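Hi everyone, thanks for coming along. I'd like to walk you through one model, a piece at a time, so please have a look at the screen.

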Amino acid sequence: MASSIRVRATSNGDITEVQALIQHPMDTGLVKDSKGELIPAHFIQELKFECNGKDVFVANWGTAVSKDPYVKFSFKGAKKGDELKISWTDNKGGSDTTTAKIA
Amino acid sequence: MTTTTGTHPTRRLILQGAASVALLGLGNLPFGAVPARAAANDKYPEEAFKQKSEADAIKALYGKTAEPSDKVKLDAPEIAENGGVVPISVTTTLDKVTSIAFFVAENPFALAASYKIPDGTIPAVANRLKMAKTTKLTAIVEADGKLYSATKEVKVTVGGCGG
């Protein structure tokens, strides 16, 4: 199955810019479905980016992050060809991991 | 999942120092009233995400209050047509930033997202948040153990949390 994580990491001199898009419903637990039943909360709690054995960015999310979340940040200390590891875990114990090469 | 314990000894020491100063400042207030809690904790801040009001969420996440600063630049639309997807970004010129958090005052739960900024990561984040209705949006930057904030009013025409 295709990964739920799509990442683009581009190196620009010393700075690496990372954009990530994750497929996830991010249900708040407050919305009702067409039968009037509450859709239980289902959302990513932690999203982590690691590069060269070091955490470069860690996100803690609540239900207010939009469906199919997007995040963008930049960090120093990596170069072209380095691997960036991305992983998330949600409140139901689901998780996914992927790696991306910095271009 | 690897843990990050011990990767930032300096930051941890600074934070512990700040926490004990805060405790001293409390004088003889009973213990356990509000445990000073730094956002740099490795654990997911479950309690902070459960707080309904912005003030309580900030207290639960950081254990202290923030002061407004023009060095924190919050970028959000004036009017969001779709409250389900509101692009928000924050940048700052402050040094020694350790975390950035977003609070949406009128949402059922105020804390939306909290980001840890390790050494070497640029203190700037862009993401997309849900907003239930027209609301005050606050970004808090933790730099050198202190909290700085920026706020902006966002008009929402269609809420993002209702059903």
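Let's start at A:Cys51, which counts as buried because its relative accessibility is 5%, under the 20% cut-off. This is a predicted model, so please keep that in mind throughout. A:Cys51 sits in strand 3 of chain A. What does A:Cys51 touch, once residues up to four places away in sequence are set aside? The answer is A:Val56, A:Phe75, A:Ala78, A:Asp82, A:Glu83, A:Leu84 and A:Ile102. There is also a link across the sequence: A:Cys51 and A:Thr99 are 48 residues apart along the chain, yet their C-alpha atoms are 9.6 Å apart in space.

One of those contacts of A:Cys51, A:Phe75, brings me to the rings. Over all chains, the structure holds 7 aromatic pairs. A:Phe73 and A:Phe75 make one that is stacked, with 6.1 Å between the ring centres and 25 degrees between the planes. Both A:Phe73 and A:Phe75 are buried. Over in chain B, B:Phe102 and B:Tyr115 also pair, this time edge-to-face, at 6.1 Å centre to centre and 85 degrees between the planes. That pair joins distant parts of the chain: B:Phe102 belongs to strand 5 (residues 97–104) of chain B and B:Tyr115 to strand 6 (residues 111–116) of chain B, 13 residues apart.

Are these two chain B rings buried or exposed? B:Phe102 is buried, with a relative accessible area of 0%, and B:Tyr115 counts as buried at 0% relative accessibility.

Now put the two chains together. Ring pairs connect A:Phe49, A:Phe57, A:Phe73, A:Phe75, B:Phe102 and B:Tyr115 into a cluster. As general background, nonpolar side chains in soluble globular proteins tend to be buried together. Here, the largest nonpolar core has 67 residues, and those with the most contacts inside it are A:Phe49, A:Phe57, A:Trp61, B:Phe102 and B:Tyr115. Strand 5 of chain B gives the largest share of this core, with 6 residues.

B:Tyr115 is a nice place to pause. Which residues does B:Tyr115 contact, leaving aside neighbours within four places in sequence? On the chain A side there are A:Phe57, A:Val58, A:Ala59, A:Trp61 and A:Val71. From chain B itself come B:Thr98, B:Ser99, B:Ile100, B:Phe102, B:Val125 and B:Asn127.

On to the sheet, which also brings the chains together. An open sheet is built from 6 strands in the order 1(A)-2(A)-5(A)-7(B)-4(B)-2(B), with antiparallel pairing. Which strands stand at the edges? They are strand 1 (5–12) of chain A and strand 2 (72–75) of chain B; each has a single partner strand, so one side of each is left without a neighbour in the sheet. From one strand to the next, the twist averages 15 degrees.

Let's walk in from the chain A edge. Strand 1 of chain A pairs with strand 2 (residues 15–22) of chain A in the antiparallel sense, over 8 bridges. Within that pairing, A:Arg6 has A:Leu21 of strand 2 as its bridge partner.

From the chain B edge, strand 2 of chain B pairs antiparallel with strand 4 of chain B over 4 bridges, and B:Asp75 has B:Ser89 as its bridge partner in strand 4. Strand 4 is then joined to strand 7 (residues 124–129) of chain B by 6 bridges, again running antiparallel. There, B:Ser89 has B:Ala126 as its bridge partner in strand 7. Strand 4 (residues 86–92) of chain B has 5 of its 7 residues buried, so it is largely enclosed by the rest of the structure.

Two backbone details for the phi enthusiasts. A:Met26 is not a glycine but has a positive phi of about 50 degrees; A:Met26 lies in the loop between strand 2 and strand 3 (44–51) of chain A and counts as buried at 1% relative accessibility. B:Asp144 also has a positive phi, near 55 degrees. B:Asp144 is in the loop between strand 8 (135–143) and strand 9 (146–156) of chain B, and at 44% relative accessibility it counts as partly exposed.

Finally, a word on confidence. Chain B has a mean pLDDT of 81, with 71% of its residues reaching 70 or more. Over residues 21–40 of chain B, though, the pLDDT is below 50, and that stretch has 19 contacts in the model beyond near neighbours in sequence. Thanks for listening!

Note on methods:
Residues are numbered from 1 along each chain as its sequence is written. Chains are lettered from A and ligands numbered from 1 in the order in which they are written. This is a predicted model: local features need pLDDT of at least 70, side-chain atom pairs count only at pLDDT 80 or more; totals for chains, interfaces and linings use all residues. Side-chain values use heavy atoms; hydrogens and water are left out. Rings of Phe, Tyr and Trp (its six-membered ring) pair if their centres lie within 6.5 Å; planes under 30 degrees apart count as stacked, over 60 as edge-to-face and the rest as tilted. Buried means under 20% relative accessible area, exposed over 50%, partly exposed in between (1.4 Å probe, protein chains only). A nonpolar core is a set of buried Ala, Val, Leu, Ile, Met, Phe, Trp, Tyr and Cys residues joined through side-chain atoms within 4.5 Å. Contact means heavy atoms within 4.5 Å. Two strands pair if DSSP finds at least two bridges between them. Axes are lines fitted to C-alpha atoms, for helices over the stretch in contact, and angles run from 0 to 180 degrees between N-to-C directions. pLDDT is the predictor's confidence in each residue, from 0 to 100.
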